[in-house]
Amino acid sequence: MSSEAFTITQFVLDTGPEHAIMKATAKRYIPKNVARYVNDSGYILMFTHGTGFLKELWEPIIERLFMNDQPNREANRSSKILECWAIDCQTHGAAAPLNDEILLRRPGILDIHFYADAIIKLYESGLLGVIDNEVQKVALIGHSAGAIASVLAAATFGTPGDNPFSMLILVDPPLFTSETKNKMTPMYRIVEKTNRKRISTWKSKDDAREFFKSAPPYSGWDPRSLSIFLEHGLRPLPTPFLPDKTGVTLMCKPSDEGAGFDNIHHSVEALNHLGNICATIPVHFAFGARNDMFSREVQDAMYDSSAGRNAASVVRIKGAGHLVVQEQPEKLADALYKMFNNVGAKL
């Protein structure tokens, strides 16, 4: 996405344990024509994406956030947004081709803890600059599986006062208690059963564009989101996994997308950590108002105060379901911006 709102710098990080190093890709977004100084006060935002998607899908939201934040920048308020980062999971987006070799040798090696490690590695890399937690506030914003990774990353710093993140925002997260993990919606079950069998190759990028324009859920996306997915979510064939094919295919293989549905215990694990995190930093929730993938009962259990999961705020975005990032980017950005500025509500 070309934008007058920000400048972009790309990075590649080594992540994972020493015996299974994988690459993660990240982009830094800084407001256009704004100088960034070491001692600047404000927010540094880190975004993670859902299963089957990619970091660039946050760009319409980042653009809107920078637009909303212009008065803060002009007044040099301490609540201004300094920069945004978006990180690809190692089997998704631009990171996927970088990990072809290890994924050929060790298929199925990756789980959500690798993505959590990418968040931690980025924070500890020094790329964010020298962080004084009283001056530069780092907020984690995760959508879907990226929300699980964000919770697990925050949980790594379990001692109160040691958490380097100032805020956690979970966007339609798939978090379950031991009671709600079996209470899936019909839509969830359909996606769970079919995503490994999805169409994933096309003769050309133009053919792929025509397919996605008419195929749900993509046909219901904001046009910018679809354009971004077509630009960054496809790779040319052949690949090491499809050596005899020509045309284009998905960056994220259907088998890797489907793997996100195999380890529901990670969703339970993340929710079990959330009470301790809520006692340390503010945790906000943003849901799509349409309960397609997760029921209201499942969502309400995520911020059950009787279990110590006290939400700082809960919002529901009209005109969107689970894929709120892609369906209503501007409405979501406006809701996120209110969270940074301590304006929220429980609904």
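Is D334 buried, partly exposed or exposed? D334 counts as partly exposed, at 25% relative accessibility. The model is predicted. This report takes its salt bridges first, then its strands, then its cavities and one pocket.

## Salt bridges between helices

The whole structure holds 22 salt bridges. D334 takes part in one of them, meeting the side chain of R64 at 2.9 Å, N to O. The two residues sit in separate helices: R64 in helix 1 (residues 59-68), D334 in helix 14 (residues 329-340). The pair therefore ties together parts that are 270 residues apart in sequence. R64, at 21% relative accessibility, is partly exposed. Buried means under 20% relative accessible area, so R64 at 21% counts as partly exposed.

Helix 14 also supplies E330, which forms a salt bridge with R224. Here the closest N and O atoms are 3.4 Å apart. R224 belongs to helix 9 (residues 223-232), so this pair links parts that are 106 residues apart in sequence. Both partners are partly exposed: R224 has 27% relative accessibility, and E330 has 34%. Shared partners join these salt bridges into one network of R64, D222, R224, E330 and D334.

## A salt bridge within one helix

E192 and R189 also meet through their side chains, at 2.9 Å, N to O. This salt bridge stays inside helix 7 (residues 186-194). The two residues are 3 apart, about one turn of the helix. E192 is partly exposed, with a relative accessible area of 23%. R189 is partly exposed as well, at 31%.

Side chains of opposite charge can pair when their charged atoms come close.

## Parallel strands around strand 6

Strand 6 (residues 165-171) has 6 of its 7 residues buried, so the rest of the structure largely encloses it. Strand 5 (residues 136-143) runs parallel to strand 6, and 6 bridges join them. Within this pairing, V138 stands opposite F165 of strand 6.

Strand 6 also pairs with strand 10 (residues 283-288). These two run parallel too, with 4 bridges between them. I169 has H284 of strand 10 as its bridge partner.

## An antiparallel sheet

A further 3 strands form an open sheet in the order 7-9-8. Their pairing is antiparallel. Strand 7 (201-202) and strand 8 (234-239) stand at the edges. Each has a single partner strand, so one side of each is left without a neighbour in the sheet.

Strand 8 pairs with strand 9 (residues 242-250) over 5 bridges, in the antiparallel sense. L237 has G247 of strand 9 as its bridge partner. Strands of a sheet pair through backbone hydrogen bonds, either parallel or antiparallel.

## Cavities

The structure has 2 cavities of 30 Å³ or more. The largest holds about 50 Å³ of space. Its lining consists of G52, F53, L54, G93, R198, F229, G233, L250, M251, C252 and E257. By class, this lining has 6 nonpolar, 3 polar and 2 charged residues.

The second largest cavity holds about 30 Å³. T91, A96, D100, L103, R235, F241, M251, C252, K253 and D256 form its lining. Here the division is 5 nonpolar, 1 polar and 4 charged. M251 and C252 line the largest cavity and also line the second largest cavity.

## The second largest pocket

The second largest pocket has a volume of about 240 Å³. It is lined by 18 residues, of which N133, K137, F165, S166 and I281 are the closest to its centre. Strand 5 and strand 6 are the elements that each give two or more residues to the lining. F165 thus has two roles here: F165 stands opposite V138, and F165 is among the residues closest to the pocket centre.

The lining of this pocket divides into 7 nonpolar, 8 polar and 3 charged residues.

Key: Residues numbered from 1 in each chain as written. Predicted model: local features only at pLDDT ≥ 70, side-chain atom pairs only at ≥ 80, totals over all residues. Heavy atoms only, no water. Pairing = 2+ DSSP bridges. 1 Å grid on protein atoms, 1.4 Å probe; cavity = no way out; pocket = protein on both sides within 12 Å on 5 of 7 lines; lining within 4 Å. Points joined across faces, edges and corners; volume = space filled by probe spheres on them. Nonpolar A, V, L, I, M, F, W, Y, C, P; charged D, E, K, R; others polar. Salt bridge = Lys/Arg side-chain N within 4 Å of Asp/Glu carboxyl O. Buried < 20%, exposed > 50% of the residue type's maximum accessible area, 1.4 Å probe, protein only.
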